[in-house]
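Me: Please go through the helix packing and the chain contact in this entry.

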Amino acid sequence: MISEPALDRLSAMFQGPDVTGTRYQLLSVLGRGGMGVVYLARDTVLDREVALKIVERPSEDANEARILARLEHPGIVPVHDFGELPDGRLFYAMKRVRGDRLDRWMASGRDLSERLGVFLRVCETVAFAHAHGVVHRDLKPENVMVGEFGEVLVLDWGVATTPSQSAASQRRIVGTTEYMAPEQARGEAVDHRADVFALGAMLESIAELAPVLAIARKARSDEPASRYQDVQSLAADVSRFLAGRAVEAHRERLVDRLARFGRRYRLPILLVLTYLVARILLLWLVRV
Amino acid sequence: MCAFPATRHSIVAAMRGTQPDDRRAAFDALVTAYWKPVFKYVRLKWHASAEDAADLTQGFFLKAYEKDFFSAFDASRARFRTYLRTCLDGFVANARKADARLKRGGGVTLIPIDFGEAERELQQQAIDRVDDFEAYFRREWLRSLFACAAGRLREACVARNREDRFAVFEQYDLAPDDRDRPTYAELARRLRLSQAEVTNELAAARREFRRLVLEALREQCGSDEEFEAESQALSG
């Protein structure tokens, strides 16, 4: 029988990772992702704080580290170091980003253009990943960080897939139900349009205006073929909305079109109206 | 010994399969993983005598096999361990109501179960009372899971002529009492290894043990999500 002290000893092997022999000293837990735990750690050689991700799942190997290493982009946290702990778990050290998760950042009262600006930055990063054949598969506000210098970072690429992965691992059902495309939830192989779906779900939580909701709804259509076919097209429609132009996903009524025209040309319209009122007033004064 | 199906797929999924041989192998594996936690749980929660608990444990698995209890398990609603415990409580409550003595056997021969061993363990544990039976059942299940992985580690080490590796692990990490735990230097003397070899073998054995525990855990989970949650719970 495994005695009580032995049971506690063996359980402890699964709890705190053993970083003996590495250059890192664990400080606290920053968060738990799909595939492991992220610790705030001190790099004792360079004397700086890093985010140290410890990967629990042995079969996933270094999926995320390899993906991050090949995606050099300002919206993706760079990996500094990678290795194996004495207990067999894998670790990789990443830049420590200070800031807020997107869901908390939005809760602190940001205006619509600011929120959509961040969304477009997320789209840029995801489009970059897609161009390199990487599908994130778990996009949600909790996996986006808005840094203290305004940088926008897409995190947690632990369940992302690349074209070189096996069909079975591409079909594994992972992700977050609320943001998961139907084909992903059914365990089918997914392509970049699963991320378009998740971005649509994120967009829905960002703004409640009719044109934005129409964009979100199109992005999260059940059928991949009915969605925007790439992230750039989705971002282009959001940009059109921000510029006060008609969006592709939303058929406008005349009154909507007039309202949008009014919003877009508010200043010239005000100037013309002021001029006309002044002119009428002058004419009336001259007559009197 | 912990006999899990060679395919290393989820036993819960395999029990829903259409091939009788696969279903039977999966069921045997399930009994192997759970019989001890079930026996001890029935003894303590239901205040059953050792003999009654043995009958109830056999009867429970027998009925589960005959009535296909576990194929109704829905991984999206509960953990398999919780589902099994709920089925067990229902079974024991009904058996008590019917006041029926459960017969062993009954057409299906379950894998040999040494209830005497489980009873001796229970006496060694000398538990006065249990306040949280869910936590108790989980701890006993964990003990069973670790015992299974340790058994597999022993087999793997023997197969690769690495008996020293298992000996280091057994004497250092499986030592029954902290006071009996040898130092690295003592272990090196006992096993005629250098101290560096002891630490290297121990690190390798722990690495392999962790892998085997996660492998066994995956087999006992009904879905990837359940495995994810269980492995996170294991990590504290």
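Some questions and answers on helix packing and the contact between chains follow.

This is a predicted model, in which local features need pLDDT of at least 70 and side-chain atom pairs count only at pLDDT 80 or more, while totals for chains, interfaces and linings use all residues. Residues are numbered from 1 along each chain as its sequence is written, and chains are lettered from A and ligands numbered from 1 in the order in which they are written.

Me: How are α4(A) and α9(A) oriented to each other?
Reply: Helices here are DSSP runs of H or I with at least four residues, numbered from the N terminus. The axes of α4 (residues 112-131) and α9 (residues 231-242) of chain A, lines fitted to C-alpha atoms over the stretch in contact, are 9 Å apart at about 160°, on a scale from 0 to 180 degrees between N-to-C directions. Angles over 145 degrees count as roughly antiparallel, and α4(A) and α9(A) are therefore roughly antiparallel.

Me: Which helix of chain A gives the most residues to the side that touches chain B?
Reply: The contact, which needs C-beta atoms placed from the backbone within 7 Å, takes 22 residues from chain A and 24 from chain B. With 8 residues, the one that gives the most to the chain A side is helix α1 (residues 4-14).

Me: Where do the buried residues of α1(A) pack?
Reply: A residue is buried if 20 or more other C-beta atoms lie within 10 Å of its own; in α1(A) these are A:Ala6, A:Leu10 and A:Phe14. They fall within an arc of 90° seen down the axis, so they line one face of the helix, the arc being that of the directions from the helix axis to the C-beta atoms. The buried residues of α1(A) pack against two helices of chain B, α6 (133-159) and α10 (224-234).

Conventions
Parallel < 35°, antiparallel > 145°, perpendicular 65-115°, else oblique. Buried ≥ 20, exposed ≤ 12 C-beta atoms within 10 Å, placed from the backbone.
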